[in-house]
Amino acid sequence: MGEECVFCEIIAGKIPSDIVYQDDKAVVIRDINPQAPIHLLVMPREHIPSLAQIGSDRKDLIGHLIYVANEMASREGLVQRGYRVSVNYGREGGQLVPHIHFHLLGGRQLSGALG
Ligand code: AMP
Ligand code: ZN
């Protein structure tokens, strides 16, 4: 578990959150400050700080997280409408929480994919 990591604390049940899905490798929560009608965060249980720690040994885990994001999009009724899955890395990439997570955004017309 990451030291003072808010997502590790949510995963451990130490601070409350709206957890909408979990399995042995992944946890999905609703974003506390949603940027779209549907805004979920798909994260690994394992504390991985960022995209920079993704090597060949973690390809399967990342594939699983994308699979879970697609499943959640389906559950939320977004497949026909469309949705966005994105990950922020580092300071200029806009990453605020140092525990890797995929944003799943949908439910409105999204624009400005490249910020
Ligand atoms: P990022 O900027 O990619 O690191 O995204 C971090 C996201 O985590 C932001 O969209 C925040 O609104 C969200 N967030 C931060 N703290 C919490 C929390 N306690 N519960 C749910 N979402 C959170
Ligand atoms: Zn963590």
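How many salt bridges does the count come to? In this structure, which is a predicted model, the count comes to 4 salt bridges. Several of them are described below, followed by the zinc site, the core around a phenylalanine and a patch on the surface.

A convenient place to begin is arginine 30, a residue of strand β2, which spans residues 26-30. Arginine 30 forms a salt bridge with aspartate 18, and the closest N and O atoms of this pair are 3.5 Å apart. Aspartate 18 belongs to the loop between α1 (6-11) and β1 (19-22), so the bridge ties together parts that lie 12 residues apart in sequence. The side chain of arginine 30 also meets that of glutamate 76 in a salt bridge, with 3.0 Å from N to O. Glutamate 76 sits in the loop between α2 and β4 while arginine 30 is in strand β2, so this pair ties together parts 46 residues apart in sequence. Taken together, Asp18, Arg30 and Glu76 are linked in a network of salt bridges.

How do the members of this network stand with respect to the surface? Arginine 30 has a relative accessible area of 30% and is therefore partly exposed. Aspartate 18 is partly exposed as well, because its relative accessible area is 42%. For glutamate 76 the value is 24%, so this residue also counts as partly exposed.

Another salt bridge joins lysine 25 to aspartate 24, where the closest N and O atoms are 3.8 Å apart. Lysine 25 is partly exposed, with a relative accessible area of 37%, whereas aspartate 24 reaches 61% and is exposed.

Attention now turns to the metal. Which residues hold the protein donors of the zinc ion (ligand 2)? They are Cys5 and Cys8, each through SG, together with His47 and His99, each through ND1. These donors lie 2.0 to 2.3 Å from the ion. Along the chain, they follow the spacing C-x2-C-x38-H-x51-H. The angles among the 4 donor atoms run from 105 to 118°, and the site is tetrahedral. For comparison, the ideal angle for four tetrahedral donors is 109.5 degrees. Both of the cysteines, 5 and 8, are buried.

Is phenylalanine 102 buried or exposed? With a relative accessibility of 7%, phenylalanine 102 counts as buried, because the limit for that class is under 20%. This residue is placed in strand β5, made of residues 102-106. Beyond its neighbours within four places in sequence, phenylalanine 102 is in contact with Leu40, Leu41, Val42, Ile62, Leu65, Ile66, Val85, Ser86 and Val87. Arginine 84 is 18 residues from phenylalanine 102 in sequence, and their C-alpha atoms are 9.6 Å apart in space.

One of these contacts, valine 87, can be followed further. The C-alpha atoms of valine 87 and phenylalanine 102 are separated by 4.9 Å, although the two residues are 15 apart along the chain. Valine 87 lies in the loop between β4 and α3 (90-93). Apart from neighbours within four places in sequence, its contacts are Leu51, Ile100, His101 and Phe102. Its relative accessibility is 26%, so valine 87 counts as partly exposed.

On the outside, Ile66, Val79, Tyr83 and Val85 make a nonpolar surface patch of about 290 Å². Two of these patch residues, Ile66 and Val85, are also among the contacts of phenylalanine 102. Val79 is found in the loop between α2 (59-75) and β4 (83-86). At 48% relative accessibility, this valine counts as partly exposed.

Glycine 82 shares a place in the loop between α2 and β4. Its relative accessibility of 33% makes glycine 82 partly exposed. Leucine 110 is 28 residues away from glycine 82 in sequence, and the C-alpha atoms of these two residues are 9.3 Å apart in space.

How values were computed: Residues are numbered from 1 along each chain as its sequence is written. Chains are lettered from A and ligands numbered from 1 in the order in which they are written. This is a predicted model: local features need pLDDT of at least 70, side-chain atom pairs count only at pLDDT 80 or more; totals for chains, interfaces and linings use all residues. Side-chain values use heavy atoms; hydrogens and water are left out. Donors are N, O and S atoms within 2.8 Å of the metal (3.2 Å for Na, K and Ca); water is not among the atoms, so sites may look incomplete. Four donors count as tetrahedral if all angles lie between 85 and 135 degrees; four count as square planar and six as octahedral if opposite donors are over 155 degrees apart and all others between 65 and 115; anything else is irregular. Buried means under 20% relative accessible area, exposed over 50%, partly exposed in between (1.4 Å probe, protein chains only). Patches are made of residues with over 30% relative accessible area and no salt bridge: like charges are joined within 9 Å, nonpolar side chains (Val, Leu, Ile, Met, Phe, Trp, Tyr) within 5 Å. Accessible areas come from the Shrake-Rupley method with a 1.4 Å probe; for residues, only the protein chains shown count as cover. Helices (H or I, at least four residues) and strands (E, at least two) are DSSP runs, numbered from the N terminus. Contact means heavy atoms within 4.5 Å.
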